[in-house]
Structures are given as C-alpha cells and as structure tokens.
Amino acid sequence: MAKTLVILGGQWGDEGKGKIVDLLTHKAQVVVRFQGGHNAGHTLVIDGKKMVLHLIPSGILHEGVTCVLGQGVVISPKALLDEMDLLNQKDIPVEKRLKISSAATLVLPYHVALDKAREKAKGDQAVGTTGRGIGPAYEDKVARRAIRMVDLLSPTRFAAKLEEVLSYQNFLLTQYYHVDPIAKEPIIEEADKARERLKDMIIDVPAFLHESRINDAVIVFEGAQGTLLDIDHGTYPFVTSSNTTAGGVATGSGFGPRYLDEIIGVAKAYCTRVGGGPFPTELNDDVGKRLSEVGQEFGATTGRPRRCGWFDAVAMRRSAQLNSLTWLAITKLDVLDGLEEIKICTHYRYQGKTWAVAPIAIELLSECEPVYESWPGWQASTRGIKTWEQLPQAAQNYLNRLAELVGTPLAMVSTGADRRDTIMLTSLI
C-alpha cells in the first residue's frame, strides 16, 4: 500500500480531482496543496450536499486529517479567511486542521488590479485568467519582491515591504495601464485581521512533512488545475502560473521526490477546457452542447462555461509521460450515457505527418487535426454504478481502450458526483 499519493489533473483542469482526493482521504493523515491559489475550484458532493473549495485542501472535511498549504501555493489572506468562515459555519474546525507554509507568497489587492488590467488591455488576446491576481503574485515571487506569510507575522516588516512593492505596482497601474492606484491602508488593515487568525497555523511545512513521513503518516498531495495548464509544459501562454505537474509536488511542498509512491492522473471520460487556447477535439455542435449541459460544465471558481470535446488520448499520453503516472482515474463516465457513437482522438495529423504525442508549442498544436476512432455508445445508465461488472460491456470496452491508448492502468472510475458513486479497481492506500 502506498504511503504517499499524488492526485493531479491530466487534462486542462476541472477533471474532478476534489472528489478523488476526498474519496481517498479517509485513510490519510495529511493532505497537501502544493501549487496554485484560489483560482482553483474543487466541487465535492457528499450525501447529496454540495461543497465548493477554492484554496483549502479537500481533506479539510475529514476529522483527524491535517491539511497543508505548501510554499508553492499563493495565498490571498482575504480569500482564505472567507473560506475558513464558510467552513466554520458548517461546523468544520478549520483552525485545528489547517497548516500554512511560512514561505508561501501572499496575493494582495494590487495583484488583482494588475491581473484585471492586463486582461482588459489584451482584448481578444486575453489568456482568460480568473482575474484573482494569481499570475502577478507568482511574478513577484520569481522577481524576489514577494511578501510572504512569514512577513505577515511582523507588522513592521510587512509595512516596510508593502511600502516598497506598492510603489512599484502602482507605477505600473497608473502609468502603463492607466487605472487607479491601490491604497496602502486597507491592505494593512486586512493584514492585521489575517495575522491574528492565522499566526498559530503558520509553520515550517517541509519539516512538518518530514516528521510526518518518518512517523509513517499516509500523505496525499492534491493538485490544482491540470497538466496541460502547467507553466512550463502546458499550452503556453494559455496556461496557469504554476507547475501543475508531479514535479511541482517536491518544489511546492519541500517533500523529496524519491519519497513519492503513486501518482494518479485524473481525467474526464471526455475533455473540457476553460478560457482561451488550442483545443484540438473541441466540439462546436449538438454533441458538445449536450456534454456541457449533462455534465454541468461550468467553472467551480468563475462560473464560466467550459468548452467540451472528445477524449484526447494524444494529450493524455503527454500528461502520462510528464507526470510518470502510475494510475489513471476516469471521471464523469455517466455523462456519456445514451450517446450512439463515442469518439476518441488517437493521433494528430500535421502537414501530412501523424503524431502520437502532443506538441508543446501552440503554434503547432493549433494547426493539428485530430484523428479519431469511433466506439459504440451504451444505451443504459451508468450513474451510481459501483462495480466494474455492472457496467455495460460497451462502457467497459471504451474505458479499457482509454487506458490502453494512454498507457496507464485504471485505478478507479467515477459514475456520479457523489463520493459513493465510484468503482474502485485497486487498493491505493
């Protein structure tokens, strides 16, 4: 049995990672977020009740589990406090279950202002960010001018750093983007409130994880967004600002890569994407509309409609290689119920050549044509099915083909939104 398990998105995000994390957390002692910010969104349905989390790991719902925000996460104090309040209202004692890296970068109001100003200035060429300041916060981190959680603990140091960085950011806002500057005083007030509530949760995360490991704790690492949105390996520039792939686990948490046991790639039984960027299997027809409606394909964080298309095995092969996937988890199989024909993209065609693995450069990807093979659908409901044998034979054939094309064995299949609607094919932890 695995002691450390990574669960991350294999496509463009929104694959249903939150449900998979929540499902496996009943045997875990620690759940870790290692990248992203409150631009992520995990929708959980437990006993018919819906819960949406953006920043706090899905494991927070479990008693006896410590949730961790690593230094690879960028944290908006306001967003974090708002989410904590929501969970407290549901009698979930967040303060007792959550730990935060002292080295995590803060997302502050000027980051949000910059994010929105840039997207507006780009017009039709906008990346399609959530407008929550994530990219600008990561820029400050790389430029070595970030304000971090440890700075929040010292009012004097926080104010001094804010004075310096705000001068720079307001120059950009007013002189380049021609929008209003951000005032310092409200940021100071927000920091004071956050300091009082968060100070006892801020820790040395690498040391905590090291101690957890040597004490034989089961640790789950929870990814946000998806592999194809990775800043280095995704469809650049239509990507997020962090490393969403398995390599980000070590850098974003301080947990050594040699200690990772299993890496699960989560993928929908079809494909979706939010925002701009190439999407070779996108369906702009009645089938795409049906997938969107039946799958309720709207962003958990932004509410934006997701673009829908057939399963892209070419892109998933790239994902499997980048992450060294050991297992595949397929979600939303039930959305395909009732379709007479289901297609799978097995290769791309580009300038007369056939490619089995997706190119990284979007200049090439945008010109690739999908090569499909067709599979018969199943005229029966798979919703809520919990054993492989109960699935229609056509559904079994389809799933086996996906695993074969990706080159990764199936670990589980989700047949509905609720935690219980899952077929477990192997014991992971």
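Is Glu404 buried or exposed? A few friendly notes on the salt bridges follow.

1. This is a predicted model, in which local features need pLDDT of at least 70 and side-chain atom pairs count only at pLDDT 80 or more, while totals for chains, interfaces and linings use all residues. Residues are numbered from 1 along each chain as its sequence is written, and side-chain values use heavy atoms, leaving out hydrogens and water.

2. Taking a salt bridge as a side-chain nitrogen of Lys or Arg within 4 Å of a carboxyl oxygen of Asp or Glu, the count is 22.

3. To the opening question: Glu404 is exposed, at 56% relative accessible area, whereas its partner Arg401 is buried at 18%. (Buried is under 20% relative accessible area, exposed over 50%, partly exposed in between, with a 1.4 Å probe and protein chains only.) Their side chains form a salt bridge of 2.8 Å, N to O. Both sit in helix α14 (residues 393-406), three residues apart, about one turn of the helix. Helices here are DSSP runs (H or I, at least four residues), as are strands (E, at least two), numbered from the N terminus.

4. Salt bridges with shared partners also tie Asp14, Lys268, Glu297, Arg306 and Lys332 into one network.

5. Within helix α8 (residues 184-198), Arg195 and Asp192 are three residues apart, about one helical turn. The closest N and O atoms of their salt bridge are 2.7 Å apart. Arg195 is buried at 12% relative accessibility, and Asp192 is partly exposed at 38%.

6. Lys268 and Glu297 pair at 2.8 Å, N to O, in a salt bridge. Lys268 is buried at 1% relative accessibility, and Glu297 is buried at 0%.
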